[in-house]
Amino acid sequence: MSFLAPLFLTALAAIAVPIFVHLIQRERRTVVEFPSLMFVQRIPYQSVERRRIHNWPLLLLRIAALAAIVVAFARPFTAVDPVQAAASGDREVVVLLDRSASMGYGDRWARAQAEARRIVDGLSGSDRATIVAFDDTPEELVRASSDAGSLRAAIDAATVSSGGTRFAPALRLAQSRFSMSGAARKEAFLISDFQRSGWVRQEDIALPEGATITPVPVVDDDVATVAVASVALQREPFSGAERVTVTAGVVNRGAVAVPGLDVSLEIDGRVVGRQTIDLEPQATGAVTFEPVTVAESDVQGIVRAGTDALPADNSFYFVISPVRPVRVLVVDGDAADQAGLFLRTALGLGREPSFVVEQVQASRLTPELLSGKAVVIVNDAALSSAAAETLGAFAERGGGILLVVGERTPPGGWAAVPGTVSAPVDRMEARGATLGYLDYSHPVFEQFRDPRNGSFSAIRFIRYRAMQPQEGDRVLARFDDGAPALVERRVGAGRVIALTSSLNGTWNELPRHAMFLPLLHELAAYLAQHETPEAWVTVGRMLDVSAPVAALVREGQLSAAGAAGDVRGVVVTPSGRQVTLGAGGAESILLSEQGFYSVRIAGTGNRPPYVVAVNLAPEESDLTPIDPALVLASTVPGGVAGAPMDVEPLSAAGMEKRQSLWWSLLVVGLAALLVEGALSNRLSKKVVRRVGVQPGGAGTEG
Amino acid sequence: METHLVPGARFVDPKVLARVKDLELLARTVVDGFINGLHRAPHFGASVDFAEHRGYVPGDDIRHVDWRLYARTDRYFIKQYEADTNANLVILLDVSRSMSFASAGVSKLEYAKFLAACLAYLSHRQRDRVGIVTFDEEIVAWVPASAKHFHVLLHTVDRAAAERPGRLIDNLERLIDRFKRRSLVVLISDLYESPERLVEVLAPYRFGGHDLAVFHVLDPAEISFPYDEPSRFVDLESGEEMPVVPDRFAEEYRRLVREHIEALRARCIDVRIDYTLLETSRPLDEALFAYLSSRERSMRTR
């Protein structure tokens with residue numbers, strides 16, 4: 001037993017205090033003058049009696065309390081040879097097993113499992129091990145177990161994932177495991193291919209003092225792998241469908257050139273194209289296939305390139321859905337003029353998305369005409385109340401309405417109109433108004449944030465209708481006098497935007513201005529809630545079903561209320577596992593496997609499932625290793641950990657801190673003081689009751 | 001002042017008496033009140049009462065011949081009385097330092113002074129001669145018994161102070177030769193002596209024709225020993241010190257004191273000495289009443 005602060009032990013002399021109190025001070029404290037000691041002297045054991053300890057338990061308690069507190073302040077610890085302790089003490093072992101996609105290269109995974117099993121076999125009876133499998137997120141397969149059987153079973157059952165590599169979260173988990181452990185030795189084993197991409201920057205990881213981390217690299221001297229890194233889709237409309245040209249980017253990560261690499265394109269499981277390419281070492285090439293006609297949604301495509309030791313990155317998955325044209329209905333006023341000419345011409349030039357325009361007079365607007373339409377443009381028309389109600393319901397379902405407010409638009413408004421329309425404002429005398437404010441944060445104007453993409457400031461507005469926006473309306477553009485030019489209102493699942501000047505070419509220059517075309521396209525696409533579907537996503541993303549659900553709502557297959565609530569469905573993963581989405585199932589689903597996820601949303605009948613293609617992170621194909629020392633240097637305090645049995649000698653402070661005996665002693669001392677206080681109080685009360693009247697008067701003092 | 005259970009008697013708390021500085025007033029207060037409450041007060045004039053006749057023997061004073069009886073019987077008879085003359089009361093008052101002890105209220109010496117004053121007053125009312133001897137290690141004061149010495153006695157009692165250690169046995173041995181006339185000798189002391197030795201010294205008084213009464217004055221603390229805290233005990237007389245842990249010691253002490261008192265009482269009865277234990281916490285008149293009542297009963301049976 002040693003002490004960190006032995007000087008405190010001098011305070012042990014304080015133990016004499018209670019003895020002094022018991023034997024000396026208490027007797028001297030009271031002097032009783034007594035008439036005669038004739039009888040006192042006759043009592044034979046008086047001399048023994050008067051010198052005996054008054055109350056042994058009380059005295060022992062006081063001594064014990066003082067001794068415990070003094071020794072606690074001296075910070076005791078058991079000095080042991082650190083090497084001997086490390087060799088003989090229990091071990092807390094954490095095996096960090098890299099299961100990222102790159103570990104599927106060759107026999108790396110089998111070697112990694114063998115290394116993990118070897119570590120488990122080396123555990124003694126009292127050692128505990130935690131098996132952590134990690135890719136970009138760590139997962140504890142077995143926590144702090146001494147059962148070699150379950151540890152081995154966990155290692156055998158682990159498989160290579162499609163995830164990327166990140167060392168930091170796994171090391172942080174080991175750090176947490178060690179901080180909770182009281183074992184004498186703490187050892188971590190990092191079994192990995194040490195991909196450079198796994199260590200992106202210096203992470204704040206500090207293993208506890210004395211903990212060791214041993215890298216177990218599972219690498220190959222020469223790696224030769226070819227990967228399909230990306231796919232580009234070029235679309236062209238073709239006879240009501242789309243022709244899609246697929247171009248695949250292929251990378252040779254190896255040090256050896258790959259001549260005549262066979263690259264194939266599969267569409268819905270059938271090979272529709274095959275190309276060859278020569279790749280230089282560490283070089284990239286592109287392969288373009290013949291165009292493919294796509295008529296249906298969610299067509300599954302795969303580009304495969306050669307075969308090598310890492311098959312996962314030889315395939316690239318994508319989904320092709322024909323980009324449907326946005327169907328627009330232009331509602332004109334009853335007095336036919338050229339008002340709709342500019343609109344129809346501009347929309348007819350749309351490509352991504354393309355627009356299909358129909359025209360109808362306001363008096364002939366029926367709900368049937370709205371079927372299949374994504375956007376309705378009310379072009380300066382006076383609507384009947386029935387027509388207004390029909391359009392309101394259309395917006396509620398998710399439709400978009402562009403209200404062009406001109407001279408024929410009646411004052412006031414209806415439910416879907418943002419704000420209240422009032423009298424026209426004539427700015428002729430001031431040579432017309434200009435747009436003084438644009439909300440570039442809005443998706444409609446986001447494209448125009450860059451000045452190189454054009455300016456609206458030169459457009460003259462001679463007349464416009466005054467409009468008073470209501471609460472909740474968003475003003476997207478204002479004239480130079482502050483009057484609203486574009487106002488948006490959200491109605492149910494749909495969007496309504498009002499333009500307070502006409503588009504017939506008399507009130508303003510807008511239809512003739514170069515900015516008219518892109519502005520109208522952006523407005524229509526925004527109102528149609530048009531989004532180009534992603535052809536693929538990377539492993540690690542969450543499944544997002546908002547786009548297909550919104551489409552289903554617009555098509556009337558799903559109610560807006562149902563979409564706003566809990567979306568229910570079934571997801572089939574690439575490995576064939578079925579996961580229930582919503583309704584007591586998973587709230588969200590992590591896309592963790594490479595391949596196609598099929599999503600069937602409840603209430604969509606026989607509609608084909610929505611498909612999401614998931615690919616490996618591109619950096620997983622880059623097998624360039626990093627020196628393990630670089631990872632460990634910023635992880636282990638005091639430098640790189642070497643061999644597994646390297647044990648840093650512990651300082652006295654370190655040993656004391658590890659044992660923390662002082663805390664227990666302090667608690668014991670304070671508890672003894674409490675008991676002593678209660679006991680002495682009880683004894684004092686007893687004495688007072690027994691004595692009643694204390695001796696006093698002439699014969700007593702003190 | 002508090003009233004006790006004896007009908008007609010009112011007893012005065014010693015603490016109240018201690019505030020009365022005039023000893024005569026004190027004695028009168030105690031004794032008058034006590035006698036007024038005692039309806040059998042006439043019995044106390046018994047000193048001139050007729051006792052018996054006996055036959056005349058040559059040498060008898062012819063003044064005591066009962067001539068009326070001679071006329072009837074033609075024989076000489078001498079009339080004998082219970083006390084044919086005024087009695088002497090001599091009080092032996094122990095004023096050693098141990099008498100200064102007081103656990104609460106009145107010290108033993110004060111209590112003894114009250115008692116002496118009361119006894120003297122009582123005797124003086126009966127025309128007896130009163131005297132007093134105070135002693136510690138020596139004879140401190142000696143007032144011979146006289147009918148005129150009542151006030152000198154009170155003055156002597158008032159002046160008495162416990163200042164020196166006592167030598168009770170030596171003084172008693174020394175004093176016995178000084179009493180020529182038969183007297184009622186009253187010893188007031190805390191009697192820290194061996195009962196055997198004490199009675200051995202007192203017995204000659206009895207043999208000398210003296211009537212002897214012993215008042216054993218003790219403080220309640222001397223009997224009950226209420227101490228509990230370990231203390232340093234100092235002998236008031238010798239100055240000797242002794243650390244005492246009274247925890248289990250007290251019981252033994254009480255037993256010894258009990259045995260001491262019982263031994264004193266038994267030895268005194270053996271030699272027909274009146275023994276009375278007085279605790280300073282008891283009312284003085286109550287103690288006096290109890291003593292005189294028992295004394296009266298003993299005189300009737302004589």
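A:Phe448 and A:Phe456 are both buried, buried meaning under 20% relative accessible area, with exposed over 50% and partly exposed in between (1.4 Å probe, protein chains only). This is a predicted model, so local features need pLDDT of at least 70 and side-chain atom pairs count only at pLDDT 80 or more, while totals for chains, interfaces and linings use all residues. Residues are numbered from 1 along each chain as its sequence is written, chains are lettered from A and ligands numbered from 1 in the order in which they are written, and side-chain values use heavy atoms, with hydrogens and water left out.

**Aromatic rings**

Back to those two phenylalanines. What kind of aromatic pair do A:Phe448 and A:Phe456 form? The pair is edge-to-face, at 5.1 Å centre to centre and with 85° between the planes. For the bookkeeping, rings of Phe, Tyr and Trp (its six-membered ring) pair if their centres lie within 6.5 Å; planes under 30 degrees apart are stacked, over 60 edge-to-face, and the rest tilted. That rule gives 28 aromatic pairs over all chains.

One aromatic cluster draws on both chains: A:Phe34 and A:Phe39 join B:Phe101, B:Tyr192, B:Phe225, B:Tyr227, B:Phe233 and B:Tyr253. Elsewhere, A:Arg495 puts its charged end over the ring of A:Tyr526, 4.2 Å from the ring centre. To count, NZ of Lys or CZ of Arg has to be within 6 Å of the ring centre and within 35 degrees of the ring normal.

Over on chain B, the residues B:Tyr56, B:Ile62, B:Trp67 and B:Tyr76 make a nonpolar surface patch of about 430 Å². Patch members have over 30% relative accessible area and no salt bridge; nonpolar side chains (Val, Leu, Ile, Met, Phe, Trp, Tyr) are joined within 5 Å, like charges within 9 Å. The areas come from the Shrake-Rupley method with a 1.4 Å probe, and for residues only the protein chains shown count as cover. B:Tyr56 is in the loop between strand E3 (50-55) and helix H3 (67-73) of chain B, and counts as partly exposed because its relative accessibility is 30%.

**Salt bridges**

How many salt bridges turn up over all chains? A search of the whole structure finds 46, each one a side-chain nitrogen of Lys or Arg within 4 Å of a carboxyl oxygen of Asp or Glu. Here are some of them:

| Salt bridge | Closest N to O |
|---|---|
| A:Asp121 and A:Arg152 | 2.9 Å |
| A:Glu488 and A:Arg490 | 3.1 Å |
| B:Arg167 and B:Asp170 | 2.8 Å |

The A:Asp121 and A:Arg152 salt bridge ties together distant parts of the chain, with A:Asp121 in helix H5 (residues 108-121) and A:Arg152 in helix H6 (residues 148-157) of chain A, 31 residues apart. A:Arg152 is partly exposed, at 30% relative accessibility.

The A:Glu488 and A:Arg490 pair is a bit of a contrast: A:Glu488 is buried, with a relative accessible area of 4%, whereas A:Arg490 is exposed at 54%. In chain B, B:Arg167 is partly exposed at 42% relative accessibility, and B:Asp170 is partly exposed as well, with a relative accessible area of 28%. There's also a salt-bridge network, linking A:Asp107, A:Arg108, A:Arg111, A:Asp193 and A:Asp220.

**Helices, strands and loops**

Helices (H or I, at least four residues) and strands (E, at least two) are DSSP runs, numbered from the N terminus. Take helix H3 (residues 56-73) of chain A: at 1.5 Å a residue its 18 residues should span 26 Å, and the end C-alpha atoms are indeed 26 Å apart. That expected span is 1.5 Å times one less than the number of residues. Its buried residues include A:Leu58, A:Leu59, A:Arg62 and A:Ile63. After H3(A) comes A:Arg75, with a positive phi near 55°.

A:Gln282, not a glycine, also has a positive phi, near 50°. A:Gln282 is in the loop between strand E12 (270-279) and strand E13 (283-288) of chain A and is exposed, with a relative accessible area of 57%. B:Arg272 has a positive phi of about 60°; B:Arg272 lies between helix H9 (246-270) and strand E12 (274-279) of chain B, in the loop, and is exposed at 55%.

Strand E12 of chain A holds A:Thr276, which is exposed at 58% relative accessible area. A:Thr276 and A:Val287 are 11 residues apart in sequence, and their C-alpha atoms are 7.9 Å apart. A:Leu632, in helix H14 (residues 628-633) of chain A, is buried at 0%. The C-alpha atoms of A:Leu632 and A:Ile205 are separated by 9.8 Å, with their positions 427 residues apart along the chain.
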